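Here are my notes after a look through this one. They go from the sheet to one of its strands, and then to a single side chain that caught my eye.

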Amino acid sequence: MSLSDLKPPKQGEWVEFADDRRRLLLYGGPVTDPLGTLAGEGWDDFELLSTPRALSDAAGLGEAAARTHLVPEGGVPEAAAAIVDDISSERLVAFGGGRVIDSAKAVAAVRSVEVAAMPTTLSGAPMTAIHRLPEGRGADAGVRPTLVIAYADEMTSAPEPQLRATAMNALAHGADSLYTPLADETSREAGLRGAEMIARALDRQPARRDRSALALGALLCGIAVDRAGIALHHVLGQTIVRVLEIPHAETYAALLPHTMEAMRGRAPEQMTALAAALGTDVDGLQERIADLAGHRHLGELGADRGRIDEVIDVAIARPELEHMTPGEVGRSDLAAILQAAW
């Protein structure tokens, strides 16, 4: 099946997609026979990375794994460093959210092993080779999961406020990748189709929401950012999270209306296309994203306004601003976005 033919699965059905980077299987429903699905893909022998919370929904994965490694709290570099020397298998299965999957990718990059991802959130981690490395370790390149087995109900099981935040994180992957120099027809199609699916799903009440469409939209946006890379939005979002130590998805949700507004004059064609995918025109893009996000603000997350200059100092030094974002981005541009997001 080609990317253009990929549609959300109906309840109880699978859809499959494969390209030169990964094989994706998405199920329209809850976690169902993950061991059988892994075995059908030739994954009989593996070690598992997960968390106690995720394992409660893992349908026997922990018992079947050669070893189970619980990913500790904290950042990916620290969490991966705590596990990396305990790995003995050539295959890792990551069952959890973005932190768990990124930790598996970080370990795999150092140990040269293969990863299968089973996401429990809308994180883009299962679709990309973007991740940090274990603290104190190096690697030649990032690792992308070669197999992704996704269950729509599991990916969309978070409470509504958190679900909207993680959905905005997913939307940001598709949106930010539209205008990088690496963007191509495939990445833009994935990003725009993903954005449309996310918005339409969130427009419906939770009880009537198409959870398969929301999950697939997030996965498509992950494909987009994996191909085209990150720019302004992710530079600011990642920097704020690391410097101010506030929640990742909620930070992205608070920033996204303002970073996309800042891109209107820099990438007008792509922002017009994004607005159309979200069901509005470019003049209404900022408000549309804010509505989808639930009108969030950085100040509500405990962000310290007095450290804006520190955030700008770190962000302005990142090469993605110069090489991946259209136009020049100066300190005043970043300050204006941050002030608006507060």
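1. A definition to start with: a residue counts as buried when its relative accessible area is under 20%, worked out with a 1.4 Å probe on protein chains only. Keep in mind too that this is a predicted model.

2. With that cut-off, take strand β7, residues 147-151. Leu-147, Ile-149 and Tyr-151 point one way from the strand, Val-148 and Ala-150 point the other way, and all are buried. Five of the five residues of β7 come out as buried, so the strand is largely enclosed by the rest of the structure.

3. Where does β7 sit in the sheet order? The sheet is open and has seven strands, arranged β1-β2-β7-β6-β5-β3-β4, so to speak left to right, and the pairing is mixed. β1 (14-18) and β4 (68-70) are the edge strands, each pairing on one side only. From one strand to the next, the twist averages 15°.

4. Now the two partners of β7. On one side, β2 runs parallel to β7, and five bridges join them; Leu-24 stands opposite Val-148 there. With β6 (residues 114-119) the pairing is again parallel, through two bridges, and Ala-117 stands opposite Val-148. Val-148 therefore makes a handy landmark if you are scrolling through the strands.

5. Further along, β3 (residues 47-50) pairs with β5 (residues 91-96) in the parallel sense, over three bridges. If you want a residue pair to click on, Glu-47 has Leu-92 as its bridge partner in β5.

6. What lies across β1, β2 and β7? That is helix α9 (residues 211-228), which runs at about 165° to β2.

7. The side chain I'd look at twice is Arg-296, in the loop between α13 (285-293) and α14 (308-316). Arg-296 is buried yet has no salt bridge. The nearest side chain of opposite charge is Glu-250, 4.9 Å away, while the salt-bridge cut-off is 4 Å.

8. What does the Arg-296 side chain reach instead? One polar atom of it lies 2.3 Å from the backbone oxygen of Pro-161, and the side chain also reaches the backbone oxygen of Ala-293 at 2.8 Å. Leaving aside neighbours within four places in sequence, Arg-296 is in contact with Pro-161, Gln-162, Arg-164, Ala-165, Glu-250, Ala-253 and Ala-254.

Note on methods
Residues numbered from 1 in each chain as written. Predicted model: local features only at pLDDT ≥ 70, side-chain atom pairs only at ≥ 80, totals over all residues. Heavy atoms only, no water. Pairing = 2+ DSSP bridges. Helix = DSSP H or I, 4+ residues; strand = E, 2+ residues; numbered from the N terminus. Axes fitted to C-alpha atoms, helices over the stretch in contact; angles between N-to-C directions. Contact = heavy atoms within 4.5 Å. Buried < 20%, exposed > 50% of the residue type's maximum accessible area, 1.4 Å probe, protein only. Lys, Arg positive; Asp, Glu negative; His and termini not counted. Polar contact = N/O pair within 3.5 Å; in protein donor to acceptor, adjacent residues only side chain to side chain.
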